[in-house]
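Work through the exercises below with the structure in view. Try each task before you read its solution.

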Amino acid sequence: MCIRDSAYTTPQQPSPSRSISPHPDRPVPEGSRGSALRELYRAFDLDADGTVDASEMLLLGRARRSLGQKSPASGAWTPDRNRVLIDRMGADALGNIGQEDFVRFLDWAMSKDEEEFNGTHEQFMACAIACRSQKVEMREHMLQVMMHKNLSMAWNKWDEYAEERKNSRMLLRRGVMRLTSGRYAAAMSTWRDRAAELLRERQLLEGAWARFTHVALFAAWNGWLDLLEDDSKEKAMRALLYMMKRQLAMA
């Protein structure tokens, strides 16, 4: 590539806000050369924000070396060397280069020979395409990282929510079991008390019935004996004693 060596030399007295361009009064080139340089400006605007800035020029300078467009003897493209270049191109204090300053500078710096100019233009375009691809890959990588981070955060929140729901269900189940156990225990205690009360009532009723039956039978027995003759009474008493002894023997 044919670029004037003076394009990369440090200005003698750079302005703190904007360096003096070596081409302040040159007209903006027109025709095919001007169109080609404007095409380069659009290609160098890697983030398509309408301007070429210092970070984009730094990427492009490094890409030229990685693509073999510059010999190793030219050295690494550093931020300091990049700053010198963009100051010579007329960058503002923020490092942004306007299209007219860009076009004027390259029109001055690049060869006037059409064949050499076209060769340099092709190298610059290849460099811009490589940088765009790199930025796209970096953007996609950052997007994947952000998506992974967002998914990871969402998963962690869901996991925390699921664990919280699980703990809530366990606490609710334990509460229901305690409540149910308490009700069962109270019901069982009430049932036992009622069963004991019924048993006592039954025992009292059976005892009363036994006493009532015994009195009634005794009265009926005495009444029946009164109806019998003396010898018959004696026979009846003997028969009764015999039956009682027999029942006792069987028992």
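**Exercise 1. How many salt bridges does a search of the whole structure find?**

Step 1. Fix the rule: a salt bridge is a side-chain nitrogen of Lys or Arg within 4 Å of a carboxyl oxygen of Asp or Glu.

Step 2. Apply the rule to the whole structure: the search gives eight salt bridges.

Step 3. Know the source. This is a predicted model, in which local features need pLDDT of at least 70, side-chain atom pairs count only at pLDDT 80 or more, and totals for chains, interfaces and linings use all residues. Residues are numbered from 1 along each chain as its sequence is written, and side-chain values use heavy atoms, with hydrogens and water left out.

**Exercise 2. Describe the salt bridges of Glu30, Glu100 and Arg194.**

Step 1. Glu30 pairs with Arg38, with 3.7 Å between the closest N and O atoms. Buried means under 20% relative accessible area, exposed over 50%, and partly exposed in between (1.4 Å probe, protein chains only). Glu30, at 57%, is therefore exposed.

Step 2. Glu100 bridges to Arg104 at 3.7 Å, N to O. The two are four residues apart in helix 4, so about one helical turn separates them. Glu100 is partly exposed at 48%, whereas Arg104 is buried at 16%.

Step 3. Arg194 meets Glu197, the closest N and O atoms being 3.5 Å apart. They sit three residues apart in helix 5, about one helical turn. Arg194 is partly exposed at 42%, and Glu197 is partly exposed at 33%.

Step 4. Look for shared partners: Arg33, Asp107 and Lys112 are joined into one network of salt bridges.

**Exercise 3. What is the secondary structure of the protein?**

Step 1. Helices (H or I, at least four residues) and strands (E, at least two) are DSSP runs, numbered from the N terminus.

Step 2. The protein has six helices and zero strands. Along the sequence the pattern reads α-α-α-α-α-α.

Step 3. Check helix 1, residues 31-44. The expected span is 1.5 Å times one less than the number of residues. Its 14 residues should span 20 Å, and the end C-alpha atoms are 20 Å apart, so the two agree.

Step 4. Buried residues of helix 1 include Arg33, Leu37, Tyr41 and Phe44.

**Exercise 4. Which ring pairs involve Phe44?**

Step 1. Rings of Phe, Tyr and Trp (its six-membered ring) pair if their centres lie within 6.5 Å; planes under 30 degrees apart are stacked, over 60 edge-to-face, and the rest tilted. The count is four aromatic pairs.

Step 2. Phe44 and Phe102 have ring centres 5.5 Å apart and planes at 80 degrees, so they are edge-to-face. Phe44 is in helix 1 and Phe102 in helix 4 (residues 99-109), so the pair ties together parts 58 residues apart in sequence. Phe102 is buried at 0%.

Step 3. Phe44 and Phe124 also have centres 5.5 Å apart, with planes at 90 degrees, so this pair is edge-to-face. Phe124 lies in helix 5 (residues 114-227), so its pair with Phe44 of helix 1 links parts 80 residues apart in sequence. Both Phe44 and Phe124 are buried.

Step 4. Ring pairs join Tyr41, Phe44, Phe102 and Phe124 into a cluster.

**Exercise 5. Where is Asp45 placed?**

Step 1. Asp45 is in the loop between helix 1 and helix 2 (54-66).

Step 2. Asp45 is buried yet has no salt bridge.

Terms used. Lys, Arg positive; Asp, Glu negative; His and termini not counted.
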